[in-house]
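Please look through the sequence and the model below before reading on. The paragraphs that follow move from one part of the chain to the next.

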Amino acid sequence: MLQGLYGGLDRDKPLIRLPFTDFAVGTVLLALTGLIACIVISLMFHFDESTYTHCQVPNYLPSISASISLVPERYIWRFCIGLHSAPRFLVAAAYFSFYRGRFAKSFPDMGLSVLALIAALAENVGLLLLTYVSSTETYSVHKNGFITFAACSLLHMLITCRLWQVIKKFSLNPEEITSFRWKVRLFLFNVSFCLVAAYFYRRHNKYCEPIIYTLFALCEYLVVLSNMAFHMTAFWDFGNKEVMVTTPAEDKRY
């Protein structure tokens, strides 16, 4: 339960109280730790398998799909993303509650808020799908999960930037202005490297040149890292809030 966004906490007994800043950092660190661990283990112990492509040309970095499809990497990734996904659903709901309070009287912006919620939920579902169905198990399902994740991630970031542009116009809060600026920067960075990654991927498949797939993998890392950083901007958006786990107070009757 997120204090400040949901009412009625005076009636509850808190079991756990956690500053939202710690909650946001911990959620992102789960995914980041899993990603780094999988890439490092792949490079150290499964270099040939993780960097192999059909072109059979020199390649020095594994793609994320390759690095999370091996053992034990796949189990590390699934563990981290499994823990990471539940807070992501909570954050999506928290943002929708926040937008609903800001845009209750603006039908177009409220519609965008609903779309942002749907995109955030679909992004997380796509991430879970590509995580729990690896490319070596059922490639078509993994591919569709990746497409859902990537498309909904970009849509969510775009809509979020638009909504925060409106918020910035009527806000004197320096944290909200900082959040908006970083959201825009990270969105543009993410889009740019998505396009560059797509270029290298297509070029690799068409010409089978050495190193090109390595450049694709590097761009893929930057896309995922910028996505994580975008979600970390919740650090500013809900910096004065708390996440609470509560139990209802006993209803005493005499």
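Is arginine 102 buried, partly exposed or exposed? In this predicted model, arginine 102 has a relative accessible area of 40%, and so it counts as partly exposed. Its salt-bridge partner is glutamate 176, with the closest N and O atoms 2.6 Å apart. Because arginine 102 belongs to helix H4 and glutamate 176 to helix H7, the pair ties together parts that are 74 residues apart in sequence. Glutamate 176, with a relative accessible area of 8%, is buried.

Isoleucine 167, a residue of helix H6, brings the two partners into a wider setting. Leaving aside neighbours within four places in sequence, isoleucine 167 is in contact with Glu176 and Arg102, and also with Phe98, Tyr99 and Phe103. Isoleucine 167 has a relative accessibility of 4% and therefore counts as buried, the limit being under 20%. Between the C-alpha atoms of isoleucine 167 and methionine 110, which are 57 residues apart along the chain, the separation is 12 Å.

Helix H7, to which glutamate 176 belongs, covers residues 174-207. Over its 34 residues it reaches 49 Å from the first C-alpha to the last, close to the 50 Å expected at 1.5 Å a residue. At the start of H7, a side-chain oxygen of asparagine 173 comes to within 2.9 Å of the backbone nitrogen of glutamate 175, while the residue that follows the helix, cysteine 208, has a positive phi, near 55°. The buried residues of H7 include Glu176, Ser179, Phe180, Lys183, Leu186 and Phe187, and further along the helix Asn190, Ala197, Phe200 and His204. In an α-helix there are 3.6 residues a turn, so residues three or four places apart point the same way. Among the elements that cover the buried residues of H7 are helix H4 (73-102), helix H6 (139-169), helix H8 (212-232) and helix H9 (234-237).

A further salt bridge joins arginine 203 and glutamate 209, whose closest N and O atoms are 2.4 Å apart. Arginine 203 is partly exposed, with a relative accessible area of 27%, and glutamate 209, at 23% relative accessibility, also counts as partly exposed.

Helix H5 (residues 107-132) takes part in another link, since a salt bridge of 3.1 Å, N to O, brings together the side chains of glutamate 123 and arginine 88. This pair connects distant parts of the chain, with glutamate 123 in H5 and arginine 88 in helix H4, 35 residues apart. Both glutamate 123 and arginine 88 are buried. The count of salt bridges comes to 5, among them the pair of glutamate 123 and arginine 88.

The 26 residues of H5 should span 38 Å at 1.5 Å a residue, and the end C-alpha atoms are 38 Å apart, which agrees. Besides Glu123, the buried residues of H5 include Asp109, Met110, Ser113, Ala116, Ala119 and Ala120, as well as Asn124, Gly126, Leu127, Leu130 and Thr131. The buried residues of H5 pack against H4, H6 and H8.

The surface remains to be considered. Leu43, Phe47, Tyr60, Ile211, Leu215 and Leu218 make up a nonpolar surface patch of about 470 Å². One of these residues, tyrosine 60, is found in the loop between helix H2 (47-51) and helix H3 (64-67). Tyrosine 60 has a relative accessible area of 47% and so is partly exposed.

Methods. Residues are numbered from 1 along each chain as its sequence is written. This is a predicted model: local features need pLDDT of at least 70, side-chain atom pairs count only at pLDDT 80 or more; totals for chains, interfaces and linings use all residues. Side-chain values use heavy atoms; hydrogens and water are left out. Patches are made of residues with over 30% relative accessible area and no salt bridge: like charges are joined within 9 Å, nonpolar side chains (Val, Leu, Ile, Met, Phe, Trp, Tyr) within 5 Å. Accessible areas come from the Shrake-Rupley method with a 1.4 Å probe; for residues, only the protein chains shown count as cover. A salt bridge is a side-chain nitrogen of Lys or Arg within 4 Å of a carboxyl oxygen of Asp or Glu. Helices (H or I, at least four residues) and strands (E, at least two) are DSSP runs, numbered from the N terminus. Buried means under 20% relative accessible area, exposed over 50%, partly exposed in between (1.4 Å probe, protein chains only). The expected span of a helix is 1.5 Å times one less than its number of residues. Contact means heavy atoms within 4.5 Å. A polar contact is a pair of N or O atoms within 3.5 Å; within protein, one must be able to donate a hydrogen and the other to accept it, and residues adjacent in sequence count only if both atoms are side-chain atoms.
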